[in-house]
Amino acid sequence: MIRSQQSPASSPASRPAPPAATDTLLSSVGLLALDRQYAVLRESIRAAIDRVCDSGRFVLGPDVAELEKELARELGVPHVISCGSGSDALLLALMALDIQPGDEVILPSYTFFATASAVTRLGAVPIFADIDPTSFLIDPVEVKRKISRRTKAIMPVHLFGRTADMDALLPIAQAAGIPIVEDAAQSILSSWHGRCTGGLGDIGCFSFYPTKNLGGIGDGGFLTTTRDDLAASLKLLRVHGMEPRYYHQVVGINSRLDTIQAAVLRVKLPHLEAWTTSRQTNAARYLDLFADYHLDRSINVPTEEPRGRHVWNQFVIRVNDGQRDALRTHLTKCNVGTEIYYPVPLHLQKCFAHLGWSVGDLPETERAAKETLALPIFPELQPAEQRTVVGRIAEFFNAPPLRKSRDEETRTHAPEQVVDEPHYLRKMNAVGRADDVRC
Ligand SMILES: Cc1ncc(COP(=O)(O)O)c(C=O)c1O
């Protein structure tokens, strides 16, 4: 109904101010505010770092072993093997599966670069599959169609925190005798029929990059597996294939988790479930707010899958009618942080030009790259900030709120003020820093 009031070609940002209550909106909302989490945990994190420095054990060490045990318990998997990053986890997984030059690996093109570079680093060939347009996740029908004699692994990505359709993917992989490597970098604690991602396929790969749901204070990652043989290989491969010391069984890589990272992550892990619940609450609030403004002609909001648990590493909307970039410009002008995950699909990246993919090969992937926009969803995000994000979007589309939001009904008029404002809001640098926003 919003579209019917205007021509899609017109520039919404240049229209007269809409009747949305812009006077109640905040002057800025960051895509991320990692400082809010740190403000709460500062003392415990500093104590953990001190403890490691005092011990003089900086690589692997007791905190790493403890973290691996705690994660295994939390995720319900028998083996957790930490490593240097999520990118290394993907590489190690394919090495453990003995992926060789010329082997094919099926994966989505709509994902972070590391999913595909792990394949090409080994001389193997990424075979990109298109995505489902609603979930943005790999389309199992495409996977089945692209299996060949050379296919040696399938890599679904649980993108944005939502689990790929494992009911469809597992039987396809099992029938073809092909292992599944789950890229779970964005999906810690997400699940499928109650089982955590990372324990659904043969190997799961996770990232501790600071913006992830469980983020360190630098790079880090880990692998999960239910298979004893793969766990043994992964432990060997992450330390140059060395066992015992200075005797090398295979050629591995150096990818160990720093003890400081492990110690900090052990402080954070007990909070992960509560942070995840906050992300879910924030997602539900966005859905209410978008419904309040009746923006459904202009915006498609993300959906949930009843068979899985969505952990909302990102809240990604689809903006219709070619308005994504103009909307983003408007939000940037209003100091609302957003990000595009991902503007160029991997099959069209310059470094993969030699693979021979062209525009039009993966239509849903290419459309998603042009239409999607990630909004702030971090656990400490405040209701007033979410009202500002959606209010600014409504402002762009000239959409008056057609009914009052639940938050609005209970709130007295208080522009620029958050009721019971936590101390981290008073001093925060509201707009996320550019180097912290990649996913
Ligand atoms: C889907 C996906 N795969 C892999 C990675 C790589 O993880 P890392 O940055 O820890 O290397 C990331 C995140 O950066 C990611 O989002």
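**Close-up views of a predicted model**

**View 1. Helix α8 and its buried residues.** In α8, the buried residues are T259, I260, Q261, A262, A263, V264, L265 and K268. That makes the helix, which spans residues 259–268, mostly covered, with 8 of its 10 residues buried. What does the covering of these buried residues include? Among the elements that cover them are three helices, α1 (34–55), α2 (62–75) and α9 (272–293), along with the strand β1 (79–83). Keep in mind that this is a predicted model, here and in every view below.

**View 2. The surroundings of the ligand.** Here we zoom in on the ligand, which has 16 residues around it. S85, G86, S87, A185 and S207 are the closest of them. Which elements give two or more residues to this shell? They are α3 (86–96) and α4 (114–121). Sorted by kind, the shell around the ligand holds 8 polar residues, 6 nonpolar ones and 2 charged ones.

**View 3. The open sheet β10-β12-β13.** This sheet is built from 3 strands, in the order β10-β12-β13, with antiparallel pairing. The edges belong to β10 (299–300) and β13 (372–375); each has a single partner strand, so one side of each is left without a neighbour in the sheet. Look at where β10 meets β12 (residues 315–319): the two pair in the antiparallel sense over 2 bridges. One spot to find is N300, which stands opposite R318 in β12. As a general reminder, strands of a sheet pair through backbone hydrogen bonds, in either a parallel or an antiparallel way.

**View 4. The open sheet β7-β6-β11.** Now for another open sheet of 3 strands, this one in the order β7-β6-β11 and antiparallel in its pairing. Why do β7 (195–196) and β11 (308–309) each have one side without a neighbour in the sheet? Both stand at the edges with a single partner strand each, so nothing in the sheet flanks the other side. Strand β6 (residues 191–192) is joined to β7 by 2 bridges, and these strands run antiparallel. To spot the pairing, find S191, whose bridge partner in β7 is C196.

**View 5. Stepping back to the whole chain.** With the details in place, here is the setting they belong to. The protein chain has 14 helices and 13 strands. Of its 439 residues, 48% are buried. Take the contacts between residues at least 6 apart in sequence: 73% of them join residues at least 24 apart.

Note on methods. Residues are numbered from 1 along each chain as its sequence is written. This is a predicted model: local features need pLDDT of at least 70, side-chain atom pairs count only at pLDDT 80 or more; totals for chains, interfaces and linings use all residues. A residue is buried if 20 or more other C-beta atoms lie within 10 Å of its own, exposed if 12 or fewer, and partly exposed in between; C-beta atoms are placed from the backbone. Helices (H or I, at least four residues) and strands (E, at least two) are DSSP runs, numbered from the N terminus. Two residues are in contact if their C-beta atoms, placed from the backbone, lie within 7 Å. A residue is near a molecule or strand if its C-beta atom, placed from the backbone, lies within 6 Å of it. Ala, Val, Leu, Ile, Met, Phe, Trp, Tyr, Cys and Pro count as nonpolar, Asp, Glu, Lys and Arg as charged, and the others, Gly among them, as polar. Two strands pair if DSSP finds at least two bridges between them.
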